[in-house]
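Got the viewer open and the chain loaded? Here is a short walk through it, one selection after another.

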Amino acid sequence: MADLLNTSQKRTVLGHPAVLYSDRTITITINGDGKTDTGPGGIARSLLAAQDSKDGGGSYEIAIWRQDSVVPDDAALLSVAEKVLPTIPGWVNG
């Protein structure tokens with residue numbers, strides 16, 4: 001997946017190959033008259049981790065975002081991932 005994402009960074013998370021990347025979110029505003037407006041939102045930072053340590057197919061993705069234009073902190077994302085990924089049924093630490 002790292003080859004498909006222009007600004008990605010390869011990592012290892014809990015023994016699994018992983019990729020960090022950023023992307024912009026979309027803002028959706030619902031007006032009182034039932035109409036909606038859309039526009040650019042904040043920046044999301046995502047972690048895409050392989051399901052197994054051998055990268056045999058499948059992945060899990062965790063994303064965090066901010067409402068301003070600042071990229072979320074990688075340390076915060078990795079901290080969330082290290083707490084959440086082991087709770088997924090079938091996850092095996094590498």
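**First stop: a turn in the loop**

Select Leu 14, which sits in the loop between β1 and β2 (16–30). Its phi is near 55°, a positive value in a residue other than glycine. With a relative accessible area of 26%, Leu 14 is partly exposed. Keep in mind that you are looking at a predicted model. The mean pLDDT of the chain is 86, and 93% of its residues reach 70 or more. Confidence is highest in α1, at 95, and lowest in β2, at a mean of 90.

**Next: into β2**

Now click on His 16, in strand β2. Is His 16 buried or exposed? It is buried, because its relative accessibility is 0% and the cut-off for buried is under 20%. Show what surrounds His 16: leaving aside neighbours within four places in sequence, the contacts include Arg 11, Ala 50 and Gln 51. Asp 52 and Ser 53 are among them too, as are Trp 91, Val 92, Asn 93 and Gly 94.

**Back to the start of β1**

Go to Gln 9, in strand β1 (residues 9–13). Gln 9 counts as partly exposed, at 35% relative accessibility. Which residues does Gln 9 contact, leaving aside its neighbours within four places in sequence? They are Ala 18, Val 19, Leu 20, Arg 45 and Asp 74. Zoom in on the Arg 45 side: the two side chains, of Gln 9 and Arg 45, make a polar contact at 3.1 Å. If you want a sense of scale, draw a distance from the C-alpha of Gln 9 to that of Gly 90; the separation is 25 Å, for residues 81 apart along the chain.

**Follow Arg 45 to its partner**

Stay on Arg 45 and add Asp 74 to the selection. Their side chains meet in a salt bridge (2.6 Å, N to O). Asp 74 belongs to helix α1 (residues 74–84) and Arg 45 to strand β3 (residues 36–50), so this pair ties together parts 29 residues apart in sequence. Both Asp 74 and Arg 45 are buried.

How many salt bridges does the count come to? It comes to two. For the other, select Arg 66 and Asp 68, whose side chains meet at 2.7 Å, N to O. Arg 66 is partly exposed at 34% relative accessibility, and Asp 68 is partly exposed with a relative accessible area of 34%.

**Last stop: helix α1**

Finally, color α1 and look along its axis. Asp 74, Leu 77, Leu 78 and Ala 81 are buried here. Those residues lie on the same side of α1, because they cover an arc of only 95° around the axis. Turn on the strands as well: what covers the buried residues of α1 includes β1, β2, β3 and β4 (59–65). Then flip the view to the face turned away from the buried side, where you will find the exposed residues Ala 75 and Lys 83.

Before you leave, check the N-terminal end of α1. Asp 73 caps it, with a side-chain oxygen 3.3 Å from the backbone nitrogen of Ala 75. One residue along, you are back at Asp 74, the salt-bridge partner of Arg 45.

How values were computed: Residues are numbered from 1 along each chain as its sequence is written. This is a predicted model: local features need pLDDT of at least 70, side-chain atom pairs count only at pLDDT 80 or more; totals for chains, interfaces and linings use all residues. Side-chain values use heavy atoms; hydrogens and water are left out. Helices (H or I, at least four residues) and strands (E, at least two) are DSSP runs, numbered from the N terminus. Buried means under 20% relative accessible area, exposed over 50%, partly exposed in between (1.4 Å probe, protein chains only). Contact means heavy atoms within 4.5 Å. A polar contact is a pair of N or O atoms within 3.5 Å; within protein, one must be able to donate a hydrogen and the other to accept it, and residues adjacent in sequence count only if both atoms are side-chain atoms. A salt bridge is a side-chain nitrogen of Lys or Arg within 4 Å of a carboxyl oxygen of Asp or Glu. The arc is that of the directions from the helix axis to the C-beta atoms. pLDDT is the predictor's confidence in each residue, from 0 to 100.
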